[in-house]
Structures are given as structure tokens and as C-alpha cells.
Amino acid sequence: GEVVLVSGAASGIGAAVVQRLRAEGARVAALDRQPVDGADASAQADLRAGEAVAQAVGQLVSALGPVTSLVHCAGVCPAGGTLDDDDALWLDTYSVNVLGALRLMRQVVPGMRARRHGAVVLVSSINARFATPTLAAYAASKAALEEMARTAALEFAPDNVRVNVIAPASVDTPMLQASFARADDPDAARARNVQRHPLGRLGTPGDAAELALFLVSPRSGWITGGTFPLDGGAGVTRR
Ligand code: NAI
């Protein structure tokens, strides 16, 4: 059967991915630095530490069997992250958002390639394409993630392992709520943000999960190397 490894599974988009996958009958191996509820097996690890990631994935595979798909939702969006912020913040952001994906792929993709069956979905952001001075480190990390995904798609395609990217605009999760909370007037910040989306509302974690589920399913079997906006139309007006 299918075993899907979901990173960032404790919160927001990752938690919704876990829920929907289980509703469709997949077995879910969850990884997060926080404890995760509701998966078939879960392990706690910090994606910034390669050894810990290897160990956690090993535990999950012993519990559920080989991983057939990976959905990398874990990410950080630091307050600050401007061009002036220190190297430590930039490195930290890259370590989770970019290298976190690489560390996970290194653990699970070789098996997928050997079985000639697998799919990887990486969660980027609309910010990879739209400069926001306060989110410089985040935006750069997501742009790097997208380009890494394209290379991975090319390398793994001969072995029938697909790699795709989801690029959401604002999804109503704890990460986004934390950014509203930092504003002088959080309600006004939320209202302004809603207005940037032509469909007139924020995305839900479930909206994001739907696309992730499609991209790991055989229904998307001829799609690889793509970056798919999931943005309530925001990309149209901000281009
Ligand atoms: P969230 O903050 O609710 O969930 C992120 C999860 O990642 C948390 O459970 C956290 O513990 C985990 N995580 C963070 N650092 C980790 C580390 N070092 N090791 C292991 N786990 C770690 O965030 P949300 O909103 O669900 O974000 C999911 C993904 O979607 C992220 O990659 C984010 O950048 C992306 N995204 C979110 C948007 C939004 O508006 N919420 C918009 C565009 C992209």
C-alpha cells in the first residue's frame, strides 16, 4: 500500500494533508519537531539536523514500510529576514526550507527509484516570485527550493519518480496568524491580506491539501517538474 511521509505534519497545511490522506486510505508517516496527532506513525526530529532526520525516517519505515510519496510541508517564515538580518537567520531559514527537503529526499527517494514508483511534493510560496523586503530570506529560500525541485524532477524522471511544487499565497494557519499578530492592528492586517486575493478569502489548509493529494496520486502521473500556484487568484494581480 501507499505510505506517505509528511513533514511539518503537526500544524497548518501538513496537519490537513495528514487528515485527508488518511481519509483516502493512505498510511501516513508524520515527521515534525513537535509531537503529531492522528498519523499512523510519527517521529519527532529537527530538519536542521541530518542525522536526526535519518534516524526518524528509519523509525517510520520500520513501523510502516517503505515510503512511496513525500510531502514536505515543514517550513519557517522568520520575523525579520531582511537583507540586513544576520547570517544565522538566513542559514536557519535555508536549513529548514531547502536543506530540509533535500535531507528528506535523500532518505526516501533512492527506494522510490529502485521500485520505479514515487512522488514528491514540496511546499514553496508565492513569495518565491514577489519581493517583500521583510521576507527576503524566506523568499530566497523558497525560490531555491523551486529550482532544486526542477533539478530533482529531471534526475528522477527516468525512474518514474515525480517532483512537483505547490506555491500558496496566504493560507490561514498558525504561521500566517503569527504574522498578523506581529502587526500593530492584527485585524486590519488580516483584512488587507484578504483583499490581495481576488477570490475574496484566505486559503484553508484543506485547499492546500487537495492539491498535494492530487500531485502524489496516480491521477497526476504525467506531471513532473511543475510549480503550481494555489493562491485565490493573487498571482494574477501581483504579476
Ligand atoms: P505552520 O507553522 O502552521 O506549520 C509548519 C510546521 O513545520 C510546524 O508543525 C513546525 O513544527 C514544522 N517545522 C518548522 N521547522 C521545523 C524543523 N526545523 N524541523 C521539523 N519541523 C519543523 O505553517 P504552515 O502555514 O502550515 O506552512 C506549511 C508550509 O507552507 C511552509 O513551508 C510554509 O512556508 C508554506 N506556506 C505557507 C503559507 C501560509 O500563508 N500559511 C503561504 C505560503 C507557503
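Student: How do the residues of the shell around the ligand divide in this structure?
Tutor: This is a predicted model. Its shell around the ligand has 16 nonpolar, nine polar and five charged residues. Among the 30 residues around the ligand, Ser-11, Asp-32, Tyr-138, Val-171 and Thr-173 come nearest.

Student: Which elements give two or more residues to that shell?
Tutor: They are helix H1 (12-23), helix H5 (136-156) and helix H6 (174-181). The largest share, three residues, comes from H6.

Student: What makes the pair between Thr-173 and the ligand a polar contact?
Tutor: The cut-off is 3.5 Å between N or O atoms. An N or O atom in the side chain of Thr-173 is 2.5 Å from an oxygen atom of the ligand. That pair is therefore a polar contact.

Student: How do you know that Gln-34 makes one too?
Tutor: Apply the 3.5 Å limit again. A polar side-chain atom of Gln-34 lies 2.9 Å from an oxygen atom of the ligand. The pair therefore counts.

Student: What about Arg-33?
Tutor: Here the backbone takes part: a polar backbone atom of Arg-33 is 3.3 Å from a nitrogen atom of the ligand. This too is within 3.5 Å, so it counts.

Student: How much of the ligand does the protein cover?
Tutor: On its own, the ligand has 820 Å² of accessible area, and the protein covers 95% of that. The ligand sits in the largest pocket.

Student: Why is Leu-91 called exposed?
Tutor: Exposed means over 50% relative accessible area. Leu-91 has 60% relative accessibility, so Leu-91 counts as exposed. Leu-91 is in helix H3 (residues 87-97).

Notes
Residues are numbered from 1 along each chain as its sequence is written. This is a predicted model: local features need pLDDT of at least 70, side-chain atom pairs count only at pLDDT 80 or more; totals for chains, interfaces and linings use all residues. Side-chain values use heavy atoms; hydrogens and water are left out. A residue is near a molecule or strand if one of its heavy atoms lies within 4 Å of it. A polar contact is a pair of N or O atoms within 3.5 Å; within protein, one must be able to donate a hydrogen and the other to accept it, and residues adjacent in sequence count only if both atoms are side-chain atoms. Accessible areas come from the Shrake-Rupley method with a 1.4 Å probe; for residues, only the protein chains shown count as cover. On a 1 Å grid over the protein atoms alone, a cavity is a set of points where a 1.4 Å probe fits but cannot get out, and a pocket is an open set with protein on both sides within 12 Å along at least five of seven lines; lining residues have an atom within 4 Å of a point. A molecule sits in a cavity or pocket if more than half of its atoms lie within 2 Å of its grid points. Helices (H or I, at least four residues) and strands (E, at least two) are DSSP runs, numbered from the N terminus. Ala, Val, Leu, Ile, Met, Phe, Trp, Tyr, Cys and Pro count as nonpolar, Asp, Glu, Lys and Arg as charged, and the others, Gly among them, as polar. Buried means under 20% relative accessible area, exposed over 50%, partly exposed in between (1.4 Å probe, protein chains only).
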